[in-house]
Amino acid sequence: MGQFKQNKFPADFFAPYVGKTIRNVRIETGQVFDANNPKENNWLYRGLDALHINTKPQVIAHQLLFKAGEPLDENKVHESARILRTRGYLASAYILPETACADTVDLVVVTRDAWSTEPDTSLSRNGGENKSGIGLSESNLLGYGNELAIGYEKVSDRTTINYDLTSPHIFNSHYYAHVSYADKSDGEDKIFELSKPFYSLQTPYGYGLSTINITEAEILRYGGEKRSTYLHAQERNEIFVGKALSVTPESTTRLLGGYTIENDEYSALITTHSALPQNEYNRYPWLSLRKIENHFGAFKNLQQIQRVEDVLLGSDFYLRLGYGAQALNNAQDVLLVQAYYSDVFASNDNNLLQWKTTFSAKDYIGETERFSL
């Protein structure tokens, strides 16, 4: 693994200011290219900066977990910086004390924009299929942090036009929204998500809903030749609500519950020359438990060049259990299990050893249909 360096600000950087009243919070948003850097101070970079709409200061302000008039909580400061660094439209984000008096402290939030307008072209061949595409995406639409993407793709006999709109903080709130539509030559995709997620480790509750409808032709091949096709319609609807059972400086434990509807239906086409798969319907309530240790490290040059990345150095455990009875219009009783665990065993300036594992199973009255580890 290549060498990487930890963030120059130590974990206890804000310890001397804890408890002081935050008198003022100043937002300083920087352009994509730094005019003070001789390597970036040229006509090309200055022209690109002129075309780019910088992130609005109010967008940054509404993502902070603290505000003026509150006593400084170093956990909220550190996590606010981590939240900002997850935004793809920001190349960097730091929070620093600017002025400190006996009982007050002024903070400055310094961010630098990333270039957010990206064209996309692709051309490839895999498994006897040609794939090509063209598109355009803007991940910081008008400086409000929303992402809009439009694209065209052709894979074998299927052509697709995609439209996708995502807002990680719709209307400067802590709500998340995602709308996607794909017009395909053999069907269509419709995706809608709206939630108030667990925005931070200190968020007391979360809730949301999602609906996914995908219709397309499935192709069966033998010896590289198309032998049969059939229409596959997938539907997945889910609602959830969750509450933080425990929030401490060391960890956060959450309990979530929800209800999921999953339908897979198969129908014949004029090109269908084989038996259809069996339709599958699952409706089930579920409960999940998640525990996250509040231990993070900020690293540079880990997976992205010259970007600070926040890595969970503690453990992350997730378990979800669902049960669908025949009384819920299932063909038979079904038990669903999902689990996830990750932890970091070693971390220093040059190495990071992380372990992750996932498990999922679906059991129909003793008959295991799906199993993965």
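**Exercise 1. Charges over rings**

Over the face of which residue does Arg320 lie, and at what distance from the ring centre?

*Solution.* Before starting, note that this is a predicted model, in which local features need pLDDT of at least 70, side-chain atom pairs count only at pLDDT 80 or more, and totals for chains, interfaces and linings use all residues. Residues are numbered from 1 along each chain as its sequence is written, and side-chain values use heavy atoms, with hydrogens and water left out.

Step 1: recall the criterion. A charge sits over a ring if NZ of Lys or CZ of Arg is within 6 Å of the ring centre and within 35 degrees of the ring normal.

Step 2: apply it. Arg320 lies over the face of Trp286, 3.8 Å from the ring centre.

Step 3: look at another case. The charged end of Arg82 sits over the ring of Phe296, at 3.8 Å from its centre.

**Exercise 2. The whole chain**

Take stock of the chain before turning to its parts.

*Solution.* Step 1: count the elements. The chain has three helices and 20 strands; helices (H or I, at least four residues) and strands (E, at least two) are DSSP runs, numbered from the N terminus.

Step 2: describe the extent. Along its principal axes the C-alpha trace spans about 80 × 55 × 40 Å.

Step 3: consider burial. Of the 373 residues in the chain, 35% are buried, where buried means under 20% relative accessible area, exposed over 50%, and partly exposed in between (1.4 Å probe, protein chains only).

Step 4: turn to the surface. About 21,200 Å² is exposed by the chain, and carbon and sulfur atoms supply 55% of it; these areas come from the Shrake-Rupley method with a 1.4 Å probe, and for residues only the protein chains shown count as cover.

Step 5: consider contacts (heavy atoms within 4.5 Å). Among those between residues at least 6 apart in sequence, 54% join residues at least 24 apart.

**Exercise 3. An open sheet and its helix**

Which strands stand at the edges of the sheet S2-S4-S3?

*Solution.* Step 1: establish the order. Three strands form this open sheet in the order S2-S4-S3, with mixed pairing; two strands pair if DSSP finds at least two bridges between them.

Step 2: find the edges. Strands S2 (21-30) and S3 (90-100) each have a single partner strand, so one side of each is left without a neighbour in the sheet. From one strand to the next, the twist averages 20 degrees.

Step 3: add the helix. Helix H3 (residues 74-85) packs on the sheet and touches S3 and S4; its direction makes about 155 degrees with that of S3. For such angles, axes are lines fitted to C-alpha atoms, for helices over the stretch in contact, and angles run from 0 to 180 degrees between N-to-C directions.

Step 4: inspect one pairing. S2 runs parallel to strand S4 (residues 104-113), with nine bridges, and Val25 stands opposite Leu107 in S4.

**Exercise 4. Antiparallel neighbours**

Trace the pairings from S7 to S9, then from S11 to S13.

*Solution.* Step 1: strands S7 (residues 147-155) and S8 (residues 158-167) run antiparallel and are joined by nine bridges. They form a hairpin with two residues between them, and Ser156 in the turn has a positive phi of about 55 degrees.

Step 2: S8 is also antiparallel to strand S9 (residues 176-184), through eight bridges. There, Leu165 stands opposite Val179 in S9.

Step 3: 18 bridges join S11 (residues 205-222) to S12 (residues 225-247) in antiparallel fashion, and Leu209 has Ile239 in S12 as its bridge partner.

Step 4: S12 pairs with S13 over 17 bridges, again in the antiparallel sense. A hairpin of three residues connects S12 to S13.

**Exercise 5. The setting of Ser267**

Is Ser267 buried, partly exposed or exposed?

*Solution.* Step 1: Ser267 lies in strand S13 (residues 251-268).

Step 2: Ser267 has a relative accessible area of 32%, so this residue is partly exposed.

Step 3: leaving aside neighbours within four places in sequence, Ser267 contacts Tyr230, Leu231 and Leu276. Ser267 and Leu231 are 36 residues apart along the chain, and their C-alpha atoms are separated by 5.2 Å.
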